[in-house]
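Colleague: I am new to this structure. Please take a close look at the enclosed spaces inside the chain, and at what surrounds them.

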Amino acid sequence: MKTLEVKIAYLDDDFNIVERNKDFYTYFETVGFTYTQIDNLVAPEQKEKFLDFVKNNKSIDKFRVFRFKKITGEYFQNIVTVSEDMLNGKTYRSLHIVTIISAVDFIKESLTYEKFTAYALSLTNEFIFVYRQADHIFRMHNFMKEKNTLVYEQDIDSWKTQILEDGLISKKDTVEFETKINELKECRPSFSMTVNSSLRFSHSMFENLIFKAVRAEIDGETYMVGRMMPEIVVEQTQKSNEIIEELKIDSLTGTYNKKAILNFAQNRFVDGTKDGAMLAIVDLDHFKPVNDAYGHLAGDKVLAKAGEILKKIVGNNGVVGRYGGDEFLLVLEDMGQENVFRGLFRTICFDIEGAFKDMFTDIKVTASVGAAKYKKDGKNFDELFKKADFCLYRAKDKGRNRYVFFREDLHGELFKKASEAKTEGIKYDVREVLELKSMANFLLDLSESPKQAGYILLAHMLETYNLDSISIYYGQNMERKLSLGTAPDNLAEAKYVHTSEFKTAMNGSLFLRVDFTTDLPDCAKPFGKILDDRGIKSTIQCVLGSLENPSGLITFDRLKEGALWAEYEVNCCVMFGAAVNLLSEEKIQKLFA
């Protein structure tokens, strides 16, 4: 849905403008600051009525239409309401101004939103066409997931010729098509045409399309305004509203229900459709304990709020549906750039965590997200869903409240193994137990055989945590004494441990966790630059010795991309560092030998 841009000005008793919002300045541009009195922006012949209206009305429910001057010198009609508002502890008249055009568009969209849903505008391709008799221009718009794309804008005869030459009308209907287009040009009160065409798909997939239009007189000009729909959709819209709603909307969350979102996703991810879309699964963490402890009414409130948040974040970039229980399915468009979908997924996790932060004292409701990209990760819905579902379980495995999108280099082999074993993934609690067992074995063997015990655990962590490099630096010059994985030459030493930037970032602790170098607090950003220069995207760093006199440093690094660390990963890394810190100098040297 569009948002309504409201221009607001605060006035004192003499109608001086004491404050204005951004939309006010944007609309009036410099004129909004050239004039200090609001009446100077009103058309001269309306000034007296305007001042009387502002002076005698304080109810937001009453409105009038006045013409306001813009920087170009032109006057435009605006709806005006007046109320009283507090600003800096004082009461002022608050003037709310909305352009007629934007108000009409907003109202139209508000009134027709449910109708659009009923007619499946968001679930099928629908086309709206307009023919203007004065200049014979024919325009056609395609609505898809509430987006409006201009498909054609040309002389109607040239459009007719192009459609026929492109073979978009079946041969048996070419005469009917030409006859009907000539009829459309006559602008009769109503128009109807049914032809077998592939116009919606621009290839050999033909279907019966129905064109319906009515005549409209706008500003003295004659138009034909209509819709082009598949015959099957017209048949469906003739069913009762109850059936339509049952087929499409989940009443609890306001998102599309399982049948509708699956139908849309399955039709979206097929050959011939645009690349760069993504399929994402969002699952609410710790939802079952909410139902168990607080009852289903509380659970319903969580689901309703989650649906509201997801629809707001996704907006016009995709479609949201409730797949079942506490799981939502998202079909996202224009996700070609990694920073775009990373930002969207991060916002989902952040907003859902924030929404329920204070709702339950003992339960932390968050969200885990798994995603896969079309066509890179799959050429149809089934392939994408399996990989997104796999990534969702990876997000759960790594501690929840995070997103994982499919990457062949990171997940390909694991996905293949899971598919062959027909398993979804290792549950988080099982994973935590396995990691603690690995740590226990390391601690038992560390004293007797430091090198073997350390290598076994670090090799396990490197693979299991999807790390690029693990390094141990030691000595005054902090030279790299041991490394696993891919450790570039610029990681051969870590002298930065002696810098003030490093010590400030450590904030008195012997370990530091960095999920994303871009998200460091301001005080740690200088150290973030050091990490960026070394090509490190996220890291856990454990100091050996003390901050004042460090003897060594252990780093667990991700070089390709940043990612949230699972709590068990952080705990195991810190435990490893603490265990090494307890070793004697002799045994530490054996670790490097």
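Modeller: Of the 593 residues in the protein chain, 47% are buried. The model is a predicted one. The chain has 20 helices and 21 strands. Contacts across the sequence count for much here: among those with a separation of 6 or more, 56% join residues 24 or more positions apart.

Now to the empty space. Rolling a probe the size of a water molecule over the atoms shows where such space is left. In this model, two cavities of 30 Å³ or more turn up. The largest has a volume of about 280 Å³. The second largest holds about 30 Å³.

Take the largest cavity. Its lining consists of 20 residues. Nearest its centre are Lys398, Leu410, Glu561, Gly562 and Ala563. Two elements give two or more residues each to this lining: strand E16 (403-405) and helix H14 (408-421). E16 provides the largest share, with three residues. What is the chemical make-up of the lining, by nonpolar, polar and charged residues? There are eight nonpolar, three polar and nine charged residues.

One of the residues nearest the cavity centre, Lys398, is also a contact of Trp565. Trp565 sits in the loop between strand E21 (550-558) and helix H19 (567-581). Is Trp565 buried or exposed? Its relative accessibility is 0%, under the 20% cut-off, so Trp565 counts as buried. Beyond its neighbours within four places in sequence, Trp565 touches a list of residues that includes Arg402, Leu467, Arg513, Asp515, Ser538, Phe556 and Val570. Arg402 is 163 residues away from Trp565 in sequence. In space, the two C-alpha atoms are 9.1 Å apart.

Helix H14 leads to another feature. Phe415 lies in H14, and Phe390 lies in helix H13 (residues 381-397). Their rings form an edge-to-face aromatic pair. The centres are 5.5 Å apart, with 80 degrees between the planes. The pair links distant parts of the chain, 25 residues apart. Both Phe390 and Phe415 are buried.

Just ahead of H13 comes a loop that follows strand E15 (366-373), and Lys375 is in that loop. A cis peptide bond joins Tyr374 and Lys375, with omega about 0 degrees. Most peptide bonds are trans.

Next, the second largest cavity. Which residues line it? They are Phe129, Phe138, Trp159, Ile181, Leu184, Phe191, Met193 and Phe211. By class, that makes eight nonpolar residues, with no polar and no charged ones. Helix H6 (174-185) and strand E9 (190-197) supply at least two lining residues each.

Rings matter to this wall. Phe129, Phe138, Trp159 and Phe211 are among the lining residues. Phe129, Phe138, Trp159 and Phe211 also belong to a cluster linked by ring pairs. Tyr152 and Phe177 belong to that cluster too.

Away from the cavities, the rings continue. The structure holds 24 aromatic pairs. Take Phe50 and Phe68: their ring centres are 5.7 Å apart and their planes stand at 90 degrees, so this pair is edge-to-face. Phe50 is in helix H3 (residues 47-56) and Phe68 is in strand E3 (residues 63-69), so the pair ties together parts 18 residues apart in sequence. Phe50 is buried, at 0% relative accessible area. Phe68 is buried as well, also at 0%.

Some rings have a charge for company. Lys258 lies over the face of Tyr323, 4.8 Å from the ring centre. The charged end of Arg346 sits over the ring of Phe516, 4.4 Å from its centre.

Last, two loop residues with an unusual backbone angle. Most residues other than glycine have a negative phi. Asp334 has a positive phi, near 55 degrees. Its loop runs between strand E14 (327-332) and helix H12 (338-355). Asp334 is partly exposed, with a relative accessible area of 38%. Asn507 also has a positive phi, of about 50 degrees. Asn507 lies in the loop between helix H17 (500-506) and strand E19 (511-514). Its relative accessibility is 68%, over the 50% cut-off, so Asn507 counts as exposed.

How values were computed
Residues are numbered from 1 along each chain as its sequence is written. This is a predicted model: local features need pLDDT of at least 70, side-chain atom pairs count only at pLDDT 80 or more; totals for chains, interfaces and linings use all residues. Side-chain values use heavy atoms; hydrogens and water are left out. On a 1 Å grid over the protein atoms alone, a cavity is a set of points where a 1.4 Å probe fits but cannot get out, and a pocket is an open set with protein on both sides within 12 Å along at least five of seven lines; lining residues have an atom within 4 Å of a point. Grid points are joined across faces, edges and corners, and a volume is the space filled by probe spheres set on the points. Helices (H or I, at least four residues) and strands (E, at least two) are DSSP runs, numbered from the N terminus. Ala, Val, Leu, Ile, Met, Phe, Trp, Tyr, Cys and Pro count as nonpolar, Asp, Glu, Lys and Arg as charged, and the others, Gly among them, as polar. Rings of Phe, Tyr and Trp (its six-membered ring) pair if their centres lie within 6.5 Å; planes under 30 degrees apart count as stacked, over 60 as edge-to-face and the rest as tilted. Buried means under 20% relative accessible area, exposed over 50%, partly exposed in between (1.4 Å probe, protein chains only). A charge sits over a ring if NZ of Lys or CZ of Arg is within 6 Å of the ring centre and within 35 degrees of the ring normal. Contact means heavy atoms within 4.5 Å.
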